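Reader: I'd love a close look at one part of this protein and what surrounds it. Could you pick one and walk me through it, step by step?

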Amino acid sequence: MVMVEGGECGGKPPSVRTLNGGWSGELRTRGCSRHMALHLDLGGAGEQVACHWLQERGFTLLHRNWRHGRDELELVMRHGKEVVVVEVKTRSSARHGDPEDAVGPVKQRKLVRAAEAYLEAFDLDLDLRFDIVSVVMDPAKPTHTEVFHIPEAFYPTADDEAIEK
């Protein structure tokens with residue numbers, strides 16, 4: 001868990017060029033561990049880009065990668081009088097669909113469960129909002145990064161409490 005509490009996102013957003021250094025066309029032949037490393041690097045870079053992008057728009061970072069059991073909140077931010085849980089989805093292209101489409105009902109329920117635990121852990125009596133930030137970072141075009149913010153992407157429902165742990 002990275003505790004930031006009103007701090008910065010942690011430096012400049014990373015360049016995709018540094019993430020892909022030297023093995024961009026070799027992912028299929030290099031094995032699973034390197035593919036996973038690139039996948040995690042890309043996801044971390046997307047979180048960094050999203051964090052900076054939101055801060056430039058008046059959001060304050062409270063926590064990064066806050067965990068509750070097996071659930072994780074990637075970015076917990078404050079915007080006005082709301083605590084905003086931000087799920088970041090990053091892809092190298094939108095060829096196989098938009099990144100935000102990967103936040104389905106099961107993931108939403110896990111986010112709701114973790115967010116409720118977050119509010120309880122920090123004794124916060126603020127409105128809660130769930131946003132999604134979609135980041136497309138094309139390794140072939142490192143200066144071309146697309147950010148798409150979906151405020152109020154979903155709402156908790158009565159069924160959220162019924163999710164299995």
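Author: Happy to; let's start from a single pairing: the bridge partner of Val83 is Leu128, which sits in β5. That pairing belongs to a parallel match of β4 with strand β5 (residues 127-137), which extends over ten bridges. To get from β4 to β5 the chain passes through helix α4 (residues 105-121), and this β-α-β crossover is right-handed. Right-handed here means that, with the strands pointing away from the viewer, the path from the first strand over the helix to the second runs clockwise.

A word on the ground rules. This is a predicted model, with residues numbered from 1 along each chain as its sequence is written, and local features need pLDDT of at least 70, while side-chain atom pairs count only at pLDDT 80 or more. Totals for chains, interfaces and linings use all residues, and side-chain values rest on heavy atoms, with hydrogens and water left out. Helices (H or I, at least four residues) and strands (E, at least two) are DSSP runs numbered from the N terminus, and two strands pair if DSSP finds at least two bridges between them.

So β4 is our part. It covers residues 82-91, and eight of its ten residues are buried, so the rest of the structure largely encloses this strand. Buried means under 20% relative accessible area, exposed means over 50%, and partly exposed lies in between (1.4 Å probe, protein chains only). For the whole protein of 165 residues, buried residues make up 38%.

On to another partner of β4. Strand β3 (residues 71-79) runs antiparallel to β4, and five bridges join the two. Leu75 is found opposite Val86 of β4. The hairpin of β3 and β4 has two residues between the strands, and Gly80 takes a positive phi near 65° there.

β3 in turn pairs with β2 (residues 60-68). Those two run antiparallel over seven bridges, with Arg67 opposite Glu72 in β3. They also form a hairpin with two residues between them, where Gly69 in the turn has a positive phi of about 60°.

Now for two charged side chains worth a look. Glu74 lies in strand β3, and with a relative accessible area of 11% it counts as buried. Its C-alpha atom is 7.7 Å from that of Val85, although the two residues are eleven apart along the chain. A polar atom of the Glu74 side chain lies 2.6 Å from the backbone nitrogen of Val88. Apart from neighbours within four places in sequence, Glu74 is in contact (heavy atoms within 4.5 Å) with residues including Val86, Glu87 and Val88, and also His63, Arg64 and Asn65.

On the β5 side, look at Arg129, which lies in that strand and is buried, with a relative accessible area of 10%. Its side chain makes polar contacts with the side chains of Glu82, at 2.9 Å, and of Asp131, at 2.7 Å. A polar contact is a pair of N or O atoms within 3.5 Å; within protein, one must be able to donate a hydrogen and the other to accept it, and residues adjacent in sequence count only if both atoms are side-chain atoms. Not counting residues up to four places away in sequence, Arg129 touches Glu82, Val83, Val84 and Val85, among others, and also His149, Pro151 and Glu152.

Finally, back to the crossover helix. The structure holds four aromatic pairs. One of them joins Trp66 and Tyr118 edge-to-face, at 5.1 Å centre to centre with 90° between the planes. Since Trp66 lies in β2 and Tyr118 in α4, the pair ties together parts that are 52 residues apart in sequence. Tyr118 also pairs with Phe122, this time tilted, at 4.7 Å and 45°. Rings of Phe, Tyr and Trp (its six-membered ring) pair if their centres lie within 6.5 Å; planes under 30 degrees apart count as stacked, over 60 as edge-to-face and the rest as tilted. Trp66, Tyr118 and Phe122 form one aromatic cluster. Tyr118 is buried at 3% relative accessible area, whereas Phe122, at 29%, counts as partly exposed.
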